[in-house]
Amino acid sequence: MSQRHTIRVPAPLRSHPSGPHIRLELSLRSEVGAISPFVDTLMHLIRKCKWVAGNEEDIEIALREALANAVIHGNHEDPGKQVYVGCRGGTDEVSIVVRDEGQGFDPDNVPDPTASENIKSANGRGIYLMKTLMDEVRFERGGTVVYMRKSRREAITLRKL
C-alpha cells in the first residue's frame, strides 16, 4: 500500500490583503492508512510557516477528524475515490476545505455527542471536535464539503492599574 499525495500549488506565494499567503490543493486516496502521513506532511508545513503559532494542535485534531469522516463516512473507504483538500495559510490564519466523493449527509441530523444518551456512543464526536477547536466550521454541497478556519490568537496581557 503505497502512500501518494498530489500537491498542486496554483499560486506559489502571492500578496493578499492580510499579507502573503500560500494556497495548496492536495488529494489522498480514501484509505484510513493514508490519513496520518497526509496530516503529518501538511502540519509540518503549517508549523514551519508559523501561520497560527500556538494553535497547531487544534488544527491537527480537526483536520484528522475531517479526513476520517471523509474517508470512512463519505467515501466508505473506497480506494478508488479521492478526498480533496484545499489549504490556505497566511500571516494570521489557516483555512482548510475537505471534500469527499460521497453522497453527503445532513449535519443538522448528527446527534449531540454531549447528550447523556450519546455519551457512550463510539461515533459522533468528530464534528463536535471540529466545531470546538476551529473558529469557523461549515458544511456545504450537502455535507460533502467541510470548510474550517482557525485564526491566530495572540496572548492578551492585562495590565494592573
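**Close-up views of a predicted model**

**View 1. By class, 7 nonpolar, 2 polar and 4 charged residues make up the lining of the second largest pocket.** The model shown in this and every other view is predicted. The second largest pocket holds about 200 Å³ of space. Its lining counts 13 residues, and those closest to the centre of the pocket are Leu24, Glu25, Val85, Gly86 and Cys87. Strands E2 (21–29), E3 (82–90) and E4 (93–99) each give at least two residues to this lining. Which strand gives the most to the lining of the second largest pocket? That strand is E3, with 5 residues.

**View 2. The largest pocket has about 590 Å³ of space.** A total of 31 residues line the largest pocket. Look for Glu65, Asn69, His73, Gly126 and Ile127, the lining residues closest to its centre. Three elements each give two or more residues to this lining: helix H2 (56–74), helix H3 (126–133) and strand E6 (145–151). H2 supplies the largest share, 8 residues. Sorted by class, the lining of the largest pocket has 15 nonpolar, 13 polar and 3 charged residues.

**View 3. Helix H3 has four named residues that are buried.** They are Gly126, Ile127, Met130 and Leu133. Where do they sit around the axis of H3? They lie on the same side of H3, because they cover an arc of only 145° around the axis. A general rule helps here. An α-helix has 3.6 residues a turn, so residues three or four places apart point the same way. Now look at the cover. H2, E5 and E6 are among the elements that cover the buried residues of H3. Two of these buried residues also appear in View 2: Gly126 and Ile127 are among the residues closest to the centre of the largest pocket.

**View 4. His76 has a positive phi of about 50° and is not a glycine.** Why pick out such an angle? Most residues other than glycine have a negative phi, so a positive value is worth a look. Find His76 in the loop between H2 and E3. Is His76 buried or exposed? Its relative accessible area is 61%, so His76 counts as exposed. The cut-off for exposed is over 50%.

**View 5. Arg141 also has a positive phi of about 50°, although Arg141 is not a glycine.** Here the place is the loop between strand E5 (136–140) and strand E6. Arg141 has a relative accessibility of 63%, so Arg141 counts as exposed. Both neighbours of this loop have been met before: E5 and E6 help to cover the buried residues of H3.

**View 6. The whole protein chain has 3 helices and 6 strands.** Follow the chain along the sequence to read the pattern β-β-α-α-β-β-α-β-β. The protein chain has 161 residues, and 41% of them count as buried. Its accessible surface comes to about 9,600 Å². Carbon and sulfur atoms account for 52% of that surface. How do contacts link residues along the sequence? Take the contacts between residues at least 6 apart in sequence: 60% of these join residues at least 24 apart.

Definitions and conventions:
Residues numbered from 1 in each chain as written. Predicted model: local features only at pLDDT ≥ 70, side-chain atom pairs only at ≥ 80, totals over all residues. Heavy atoms only, no water. Buried < 20%, exposed > 50% of the residue type's maximum accessible area, 1.4 Å probe, protein only. Contact = heavy atoms within 4.5 Å. Areas by Shrake-Rupley, 256 points an atom, 1.4 Å probe, with all protein chains shown as cover. 1 Å grid on protein atoms, 1.4 Å probe; cavity = no way out; pocket = protein on both sides within 12 Å on 5 of 7 lines; lining within 4 Å. Points joined across faces, edges and corners; volume = space filled by probe spheres on them. Nonpolar A, V, L, I, M, F, W, Y, C, P; charged D, E, K, R; others polar. Arc of directions from axis to C-beta.
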